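I opened this entry to keep track of what I looked up, one element at a time. My notes follow the order in which I checked things.

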Amino acid sequence: MSEVAEPPASAGGQSKLTKINEAVIRIAGNSQDGIQAIGGFLARLAGRSEQEVMTFMTIPSTISGGPSIFQVRIGSGEVLSPGDEADMLLAFYQHSYEEHINSLKLGGIVLYDSDHVTPRTEWLENFRHVGVAISSKTVEAIGGTGRDKGKNIFAMGLLARIFDLNVPKLNTLIEERFGGKDPTVVQNAVTCFEAGYNHQLQDLLKTYQLQHAELQGHTQVVMNGNEALAYGLLAAGVRFGAGYPITPWSDIMELLRRELPKYGGSFIQCEDEIASISMAIGASYGGRVAVTGSSGPGISLKTEALGWASMAEMPLVVVDVQRGGPSTGMPTNIEQSDLNISCFGGHGDSPRVVIAPSTVEDCFYTAIEAVNIARKYSTPVIILTDQGIATRIEAFIEPDLKSICQDISPDLTPVPDHKPYDLATSDGITRHVPPGTRIASGKYPIVTGLEHDELGHPTGSPKLHIAMTAKRRNKLKRLGADLPVPVTYGPNEGQILLVGWGSTQGPLREAVDRFRSVGDAVSSLHIKYINPLPNGLDEIFKGFRHIFVVELNDEGLYGNGQMTSLLRGRYADPKIRGIHKADGQVWKVKEIMDRVRAALSPSAPAKNS
């Protein structure tokens, strides 16, 4: 914990109240214990208390459940990662204690359930141990019939006492979470929380008070990446979606199914992935961009229809929430291994746009941007997110919805004539008119997966196939030329440039800060627009001696991960090298730094002179 300098406390009293700038809390137990609920409460409280927050969680992929963790980092300054080491470990079981004690900083606090955990002697000197009979105290608080079912809320009461959290706001969060259930559920939850909060922690020498961030009058919202993306689609004007359940995409599907009817829209759960994308394409053809989504296995099934959308030049948004693969792989673990299928999946030359948001806030705005690109360029757009950012909770400034929300209703104004695939247009971009639009000439176009002429009628003409293939390619080159060049984090030149994409942005920036604090000439660059790439990256690369692409996938047959291979293929620059891992876990800042130093061995990173 980063303590704030303050005058010495006066003598007397019980535990000393110490002001801190940030805290990293790891909660470890089983998935059935409501681990995610405690973390979610803490994260949302932070957002409502003018604090920065970022979370990380692991859950078992089996229905029977198993060991689970939820880590939350709360701070008054910018929070870029969930934290390498925890200040406090809340352990519910012996396995929680033994498997996660090494995640604690030396001198950190272990708050453990003494009904199920026996501290090991060799760790007593390195960490402060605080034992509470959480399970039996919960039973005592709400009666034997409840057993220990509310022990997560009891434990949250303990944390609220230790970190001097805002009790009225926590009570409000509890009521919001359980408000739709039987009144006794809310009553028991509040009783458990109060019992934990009022429990005397004899072994705790001091308590802590987290400082607030300077928000300059702004209001924060708190949500995870899946929620932000779904609300962004609503703000963008999407009113139809179709999908099939799969972890971790399903949360987006469920939110859209719940919210779209409130705005005159609908979401259909289809019988399979192929039907889902086909139905969304049909809705988009109707004149208003629609959405479908999945994770890796489902994207594999969608690729044939995605090729149809590329050939017909149909605007469409496809969300791919990546997880560990291949096949069913690791459904609840993070991986960035769908880049290749997103950019190139399917047969033939079927160009599409691929965008990867980097933060929870970015998920919201990327959804809007994806809809607008799909509309402007009549193309499928894939939003490539991942399990880490999908479940990660962050706080960000509330969007100005009045200025952001847009209406993309179809325009049925009659036109004199219309050729959607007109080869004579100056920009080469296809523009469909919605079915039902009156065309005075009487020449109505069609859409098909076959190669076609300017009205969409099938053709086997080699000349037209060459022209139409170039047309589909060149409009994305035009988009690439219009995309903003990413800005480096740190100077535009130096010894090392760390390149990332997607949810790795925060840890990379924190690594840059640590490198530069000891004099290493390191910067980072985050690529949001993956296909097409923005122009100008090669000029940035010229300013650095070493370029390391840090990504969460395997190094492949030739030592390069998926983004690494894409960049090497685009720029043919041998100094572009990859740093990869495929363990299903997010990057720790220390891991990145160690891997960079190892890649430069035997010489250490050069210092600024």
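I began with strand 17 and strand 18, which pair in the parallel sense over five bridges. Within that pairing I found Ile-496 opposite Val-522 in strand 18. I kept in mind that this is a predicted model.

Next I looked at the pairing of strand 17 with strand 20, which is also parallel and also has five bridges. Here Leu-497 stands opposite Ile-547 in strand 20.

Is strand 17 mostly covered or mostly open? I noted that five of its seven residues are buried, so it counts as mostly covered by the cut-off of under 20% relative accessible area.

I then followed strand 20, residues 544-551, to its pairing with strand 21. The two strands run parallel and five bridges join them. One pair I wrote down is Phe-548, whose bridge partner in strand 21 is Arg-577.

With the pairings listed, I asked in what order the strands lie in the sheet. The order is 18-17-20-21, an open sheet of four strands with parallel pairing. I marked strand 18 (522-526) and strand 21 (576-580) as the edge strands, since each pairs on one side only. From one strand to the next, the twist averages 30°.

I went on to helix 16, residues 505-517, which packs on this sheet. I listed strand 17 (494-500), strand 18 and strand 20 as the strands it touches. The direction of helix 16 makes about 165° with that of strand 18. What unit do strand 17, helix 16 and strand 18 make? I recorded a right-handed β-α-β unit.

My last entries concern another part of the chain, helix 3, which spans residues 134-142. I looked up which of its residues are buried and got Ile-134, Ser-135, Thr-138 and Ile-142. Why do they lie on the same side of helix 3? They lie there because they cover an arc of only 100° around the axis.

I also checked what these buried residues pack against. Among the strands I noted strand 5 (86-91), strand 6 (104-113) and strand 7 (128-132). The helices on the list are helix 4 (151-162) and helix 6 (183-198).

Finally I looked just past the end of helix 3, where Gly-143 takes a positive phi of about 95°. I closed the notebook there.

Conventions
Residues are numbered from 1 along each chain as its sequence is written. This is a predicted model: local features need pLDDT of at least 70, side-chain atom pairs count only at pLDDT 80 or more; totals for chains, interfaces and linings use all residues. Side-chain values use heavy atoms; hydrogens and water are left out. Two strands pair if DSSP finds at least two bridges between them. Axes are lines fitted to C-alpha atoms, for helices over the stretch in contact, and angles run from 0 to 180 degrees between N-to-C directions. Contact means heavy atoms within 4.5 Å. Buried means under 20% relative accessible area, exposed over 50%, partly exposed in between (1.4 Å probe, protein chains only). The arc is that of the directions from the helix axis to the C-beta atoms. A crossover is right-handed if, with the strands pointing away from the viewer, the path from the first strand over the helix to the second runs clockwise.
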